[in-house]
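Hi everyone, thanks for coming. Please get the model up on your screens, and we'll walk through it together.

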Amino acid sequence: MTTSSQAILELSGCITKSTIPCQKPYISSSNLYFSESRCFSNTLSQLSLKMHPSGKRKTSIMCNSRTSSSEDKVGGLTYKEAGVDIDAGSELVRRIAKMAPGIGGFGGLFPLGDSYLVAGTDGVGTKLKLAFETGIHDTIGIDLVAMSVNDIVTSGAKPLFFLDYFATSRLDVDLAEKVIRGIVDGCKQSDCALLGGETAEMPDFYANGEYDLSGFAVGIVKKDSVIDGKNIIAGDVLIGLPSSGVHSNGFSLVRRVIKQSGLSLKDQLPGSPITLGEALMAPTVIYVKQVLDIINKGGVKGIAHITGGGFTDNIPRVFPKGLGAVIHKDSWVVPPVFKWIQEAGNIEDAEMSRTFNMGIGMVLVVTPDTARRILEDGCESSKAFRIGEVVQGDGVSYH
């Protein structure tokens with residue numbers, strides 16, 4: 001749940017312009033996307049993070065190989081077996097929370113007058129491995145922006161600006177340009193400025209032709225307009241916004257499934273007219289404009305970005321203690337890519353729901369009246385589904 005939180009980030013190695021285009025009543029957004037300054041260095045820029053009480057913290061665990069001896073095991077794949085231990089990540093957050101109380105929200109809030117700055121940071125995980133294999137680099141930047149701006153909009157924040165970090169062993173200018181072009185596209189979709197970034201060339205650190213990405217987003221919300229989940233009650237409705245596919249989480253497990261299935265990324269995805277690679281590389285939906293439009297009409301009490309941990313771990317993060325959720329599994333159409341992943345990997349339903357978004361990338365907790373309005377207002381470009389309700393209890397159950 002997004003809580004009253006603070007975080008100060010000190011970045012050395014890169015100085016960017018201080019212009020902050022944002023929505024009225026601040027300044028015009030007419031100069032968005034053109035205020036970027038960028039640093040380039042051949043050494044790893046230093047990054048220090050000072051966490052004040054109630055900052056944002058989450059874990060993203062990436063794995064390139066699995067150490068289990070059951071390398072050729074058929075069936076029953078799990079995220080942990082693929083090398084990602086969600087429970088270990090949760091334990092790390094718990095320990096960090098002892099040092100910086102309040103950690104655990106989707107975004108970190110810092111007070112600024114009558115508003116909060118809301119900050120978030122993320123990467124795209126081992127989806128990068130598929131980008132290297134497919135050669136699709138022009139949309140991975142959209143994923144990078146999406147992962148951060150979708151987090152901070154859960155507090156009701158309007159994204160102001162974004163910064164990126166691009167690291168590689170040997171700079172391929174043409175490839176890097178494709179990646180940055182995707183980042184620019186993502187910033188346009190979320191109506192924020194690409195304010196700056198860092199390009200680090202580090203010989204021998206990455207394999208030839210490979211790179212890593214990180215992104216950092218900052219937004220703003222009035223203190224009296226923060227979406228924090230505190231007023232959620234039993235009987236409130238869960239509205240799901242559809243995803244484009246896997247988005248940017250669960251790819252360590254996806255890659256294990258691909259290896260086990262024997263399919264190539266160039267093969268057609270069963271039940272779909274596109275290839276497996278095209279389905280998996282579909283860029284993450286940026287929900288900023290749709291969510292802010294819904295928020296502005298009132299009745300939104302909490303918002304969960306469905307990333308690593310799926311429904312099972314992310315929806316309860318916005319609930320007060322003593323509340324849980326019931327999800328109606330047949331209330332939306334699960335995209336073919338998830339059906340293939342489950343069948344090819346022989347993955348249990350519970351594992352799927354705790355690893356993937358299953359076709360719903362954002363969940364809004366709203367009043368019953370608001371739910372009816374959202375569903376009535378929905379159109380092809382802004383579809384929404386009633387996927388469940390808030391109930392007394394704990395956790396998430398599926399019916």
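Let me start with a small hunt: where is the place of D204? Have a look along the chain. D204 sits in the loop between strand 7 and strand 8, the latter covering residues 211-222. Before we go on, please keep in mind that this is a predicted model.

So, what can we say about D204? Its phi is near 75 degrees, a positive value in a residue other than glycine. Is D204 buried or exposed? D204 is exposed, with a relative accessible area of 80%.

Now compare that with H247. Here too phi is positive, at about 60 degrees, although H247 is not a glycine. You will find H247 in the loop between strand 9 and helix 5, which spans 251-261. The surroundings are another story: H247 is buried, with a relative accessible area of 2%.

Let's zoom out for a moment. The chain has 11 helices and 14 strands. Of its 399 residues, 51% are buried. And here is a number about contacts: if we take those between residues at least 6 apart in sequence, 86% of them join residues at least 24 apart.

Next, please find strand 7, residues 193-201. How many of its nine residues are buried? The count is nine of nine, and strand 7 is mostly covered. Its partner is strand 6, residues 158-168, and the two pair in the parallel sense over eight bridges. To see one position in that pairing, look at L163, which stands opposite G196 in strand 7. Add helix 4, residues 173-189, and you have a right-handed β-α-β unit made of strand 6, helix 4 and strand 7.

A quick reminder for anyone new to sheets: strands of a sheet pair through backbone hydrogen bonds, either parallel or antiparallel.

With that in mind, let's turn to an open sheet of six strands. Their order is 10-12-9-13-11-14, and the pairing is mixed. Which are the edge strands? They are strand 10, at 300-305, and strand 14, at 396-398, and each of these pairs on one side only. From one strand to the next, the twist averages 25 degrees. Packed on this sheet is helix 11, residues 368-377, which touches strand 9 (237-242), strand 12 (360-366) and strand 13 (385-392). The direction of helix 11 makes about 25 degrees with that of strand 9.

Let's take strand 12 and its neighbours. Strand 12 is mostly covered, with seven of its seven residues buried. With strand 9 it pairs in the antiparallel sense over six bridges, and I239 stands opposite L364 in strand 12. Strand 10 also pairs with strand 12 in the antiparallel sense, over five bridges, and there V300 stands opposite V366.

At the other end of that order, strand 11 and strand 14 run parallel, joined by three bridges. The bridge partner of V326 is S397 in strand 14.

While we are in strand 14, please click on V396, which lies in it. V396 is buried, with a relative accessible area of 16%. Why does 16% count as buried? Because buried means under 20% relative accessible area. Leaving aside residues up to four places away in sequence, V396 touches F311, T312, I315, P316, A325 and I327. The C-alpha atoms of V396 and N314 are separated by 9.7 Å, with the two residues 82 apart along the chain.

One of those contacts, F311, brings us to the aromatic rings. How many aromatic pairs does the structure hold? The structure holds five. In one of them, F311 and W332 meet edge-to-face, 5.6 Å centre to centre with 75 degrees between the planes. The pair links distant parts of the chain, 21 residues apart: F311 is in helix 8 (residues 310-314), while W332 is in the loop between strand 11 (323-327) and helix 9 (336-345). F311 is buried, at a relative accessible area of 1%, and W332 is buried too, at 9%.

Elsewhere, ring pairs link F132, F166 and Y211 into a cluster. Finally, two charged residues to look up: R317 has its charged end over the ring of F106, 3.9 Å from the centre, and K223 lies over the face of Y116, at 5.5 Å from the ring centre.

That's my tour, and I'm happy to take questions!

Key:
Residues are numbered from 1 along each chain as its sequence is written. This is a predicted model: local features need pLDDT of at least 70, side-chain atom pairs count only at pLDDT 80 or more; totals for chains, interfaces and linings use all residues. Side-chain values use heavy atoms; hydrogens and water are left out. Rings of Phe, Tyr and Trp (its six-membered ring) pair if their centres lie within 6.5 Å; planes under 30 degrees apart count as stacked, over 60 as edge-to-face and the rest as tilted. Helices (H or I, at least four residues) and strands (E, at least two) are DSSP runs, numbered from the N terminus. Buried means under 20% relative accessible area, exposed over 50%, partly exposed in between (1.4 Å probe, protein chains only). A charge sits over a ring if NZ of Lys or CZ of Arg is within 6 Å of the ring centre and within 35 degrees of the ring normal. Two strands pair if DSSP finds at least two bridges between them. A crossover is right-handed if, with the strands pointing away from the viewer, the path from the first strand over the helix to the second runs clockwise. Axes are lines fitted to C-alpha atoms, for helices over the stretch in contact, and angles run from 0 to 180 degrees between N-to-C directions. Contact means heavy atoms within 4.5 Å.
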